[in-house]
Structures are given as C-alpha cells and as structure tokens.
Amino acid sequence: ATAAVLHNWRNREMFELCASILAANPENLARDVQDAETAGVDAFHIDLMDGCFVPAVSFDTRVVRAMRAMTKKPLDVHLMVDRPLNYVEELADLGVESISVHYEVPGGAEPALKAIRAAGLKAGLVLNPETSISAALPYLEQIDQLLLMTVHPGHGGQAYLSGSNEKITAARAMTQILGSSVVIQVDGGINLKTLPGAYKAGARSIVAGSAVFCGNIQKNVLRLQSEPDLE
C-alpha cells in the first residue's frame, strides 16, 4: 500500500500545499510554522481581514513581519480588505511572494493588481462563492493565480460549499481554452475528503488550515500530499 501511494505521489501532476496560519495555535505560532515547514508544506497562506470587507478581523502586517522571520517558505497573502492598494507597498517591503485581492472590493481590483505586479510579486484575483467565473476574464493577463473561495470568506473551519468543484472545472476550462497559465487556487473546507474532488476539477494550489494544523502536523501534511485518490 505504501509503495502504491508513493508511486501515485511521484507520477501525478503536483499541487502546491499552502498552510493557512488562521488555523494555527496563536500561542505557539512559531512552533506550528516550524513543524509545518519541516513536514514539507510549500508555502504559508496569511489572511489579512480589516473588519470592513468581511466582518471578522484577523491578522495585520505585524504577523506578516513575524512570519517572514519564522520561515523562508513563500508567504501567500490574501487581502480581505476594502482598500487593498494601501497594503501592497508594505507587504512587498516585508518580503512576501504573492498577494491576492478580491474582485468584489470597492472600486475594483485592478489598481491593486497593477501595484502588485509593479512590485515584482505574484498577483492573485479572488472570487467569492457567489461571483461568476466570467468575472475573471478581463484580469487573466494581469494575474498569476485565480483564488476561488470554497467557503464564504471571513471565518475558518467552514464546510466546503457544494458546487465548488463545478466552478473549479469551469475556471480550469476557461484558462485552458484561452491558453492562460494562471494557477487555480482554492481556499476553504479543504480536508482529505474534499481535496481529491478539488484536485480532479483542476485546482493546483491548495490552501488548507485545520487539515494541516489540527492534530499531528507531520502526519497531516504527509496524508494531504500523498492522498492516493489524486489521479
């Protein structure tokens, strides 16, 4: 059985596993981050919430600064804020690798996306569950990843929304038809049960929080990365 799992893991198209620190233990963040890095996660996903775009307030840029000191892994920042443009310069100075902004922000995402690319960072566009895939069409040449929310943004620990895999499939088809190299990223409700469906639908960047940090981090990461149903 172990040999079969390793065979599948080595021969399938790989995905990026981004560990969302929203689910880490805030009192032992450095330990959890180190454990996740040692276990082999590819990047760390950081949700910044301002209490306006979404009701919740999470981390601010001080946590990003702390994370940069804790790990050399890429930092993937998801801005759930009304004014994403106000954050780009500071985040670039802090050494993050990618920043994603919501299509739904007041005034639109384009100014922030342009600033992200001008700063030499990877740019991502985020679509809420209710937003049509077609909304991303005008932005495909400006972005590196398309983040599809598979839960309603603002809170961790939610269940994977039905219909998400169909939306991922449509996004993957859209990018392939247009010859776009944009990576489909998914965020919300990812676990061992939902990961195979998201992967098969076309997601190649997977954000996971509780599935990484709740329990034994080493075992969790190994199980996610070696999931035998990802064929």
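Start with Tyr-103: in this predicted model, Tyr-103 has a relative accessible area of 32%, and that makes it partly exposed, because the buried class ends under 20% and the exposed class begins over 50%. Its aromatic partner, Tyr-139, comes out at 11%, so Tyr-139 falls on the buried side of the cut-off. How are the two rings arranged, given centres 6.2 Å apart and planes at 90°? They are edge-to-face, because planes over 60 degrees apart are put in that class. The chain takes a detour between them: Tyr-103 sits in the loop between strand 4 and helix 5 (110-118), while Tyr-139 belongs to the loop between strand 5 (122-127) and strand 6, with 36 residues separating the two.

The structure has 2 aromatic pairs, and the other one is made by Phe-15 and Tyr-199. Here the ring centres are 6.0 Å apart and the planes meet at 65°, so this pair is edge-to-face as well. Its reach along the chain is 184 residues, from Phe-15 in the loop between helix 1 and strand 1 to Tyr-199 in helix 7. Both Phe-15 and Tyr-199 are buried.

Stay with that loop before strand 1 and turn to charges. Side chains of opposite charge can pair when their charged atoms come close. Searching the whole structure turns up 6 salt bridges. One of them joins the side chains of Arg-204 and Glu-13, at 3.4 Å from N to O. Why does this pair tie together parts far along the sequence? Arg-204 is in the loop between helix 7 and strand 8, whereas Glu-13 is in the loop between helix 1 (2-11) and strand 1 (16-20), so the bridge spans 191 residues of sequence. Arg-204 counts as buried at 15% relative accessibility, and Glu-13 is partly exposed at 44%. There's a third member to add: Arg-172 joins Glu-13 and Arg-204 in a network of salt bridges.

Two further bridges are worth a look. Arg-68 and Glu-97 bring their closest N and O atoms to 3.2 Å. Arg-68 lies in helix 3 (residues 61-70) and Glu-97 in the loop between helix 4 (85-94) and strand 4 (98-102), so this one ties together parts 29 residues apart in sequence. Both ends are partly exposed, Arg-68 at 21% and Glu-97 at 31%. Then there's Asp-60 with Arg-62, whose closest N and O atoms are 2.6 Å apart. Asp-60 is partly exposed at 30%, and Arg-62 is exposed at 63%.

Arg-172 from the network leads us to helix 6, where it is one of the buried residues. Helix 6 covers residues 164-177, and its 14 residues reach 20 Å from first C-alpha to last, close to the 20 Å expected at 1.5 Å a residue. Along with Arg-172, the buried residues are Ser-164, Lys-167, Ile-168, Ala-171, Met-174 and Thr-175. Look down the helix axis and these buried residues fall within an arc of 160°, so they line one face. The general logic is simple: an α-helix has 3.6 residues a turn, so residues three or four places apart point the same way. On the other side, Glu-166, Gln-176 and Ile-177 are exposed. The buried residues of helix 6 are covered by parts including strand 6 (145-149), strand 7 (183-187) and helix 7 (195-201). After the helix comes Gly-179, with a positive phi near 70°.

What does Leu-146 touch beyond its neighbours within four places in sequence? Its contacts include Ala-171 and Met-174, together with Val-182, Val-183, Ile-184 and Gln-185. Leu-125, Leu-127 and Ala-136 are on the list too. Leu-146 is also among the residues with the most contacts inside the largest nonpolar core, alongside Ile-21 and Phe-44; that core has 65 residues. Apart from it lies another core of 5 residues, including Met-49, Phe-53, Val-54 and Val-105.

Finish at strand 8 (residues 205-208), where you'll find Ala-208. Is Ala-208 buried or exposed? It is buried, with a relative accessible area of 0%. Setting aside residues up to four places away in sequence, Ala-208 touches Leu-17, Cys-18, Ala-19 and Ser-20, as well as Ile-190 and Leu-224. Its C-alpha is separated by 9.6 Å from that of Val-221, 13 residues away along the chain.

How values were computed:
Residues numbered from 1 in each chain as written. Predicted model: local features only at pLDDT ≥ 70, side-chain atom pairs only at ≥ 80, totals over all residues. Heavy atoms only, no water. Core = buried A, V, L, I, M, F, W, Y, C linked by side-chain atoms within 4.5 Å. Buried < 20%, exposed > 50% of the residue type's maximum accessible area, 1.4 Å probe, protein only. Contact = heavy atoms within 4.5 Å. Helix = DSSP H or I, 4+ residues; strand = E, 2+ residues; numbered from the N terminus. Expected span 1.5 Å × (residues − 1). Arc of directions from axis to C-beta. Salt bridge = Lys/Arg side-chain N within 4 Å of Asp/Glu carboxyl O. Phe/Tyr/Trp six-rings, centres within 6.5 Å; stacked < 30°, edge-to-face > 60°.
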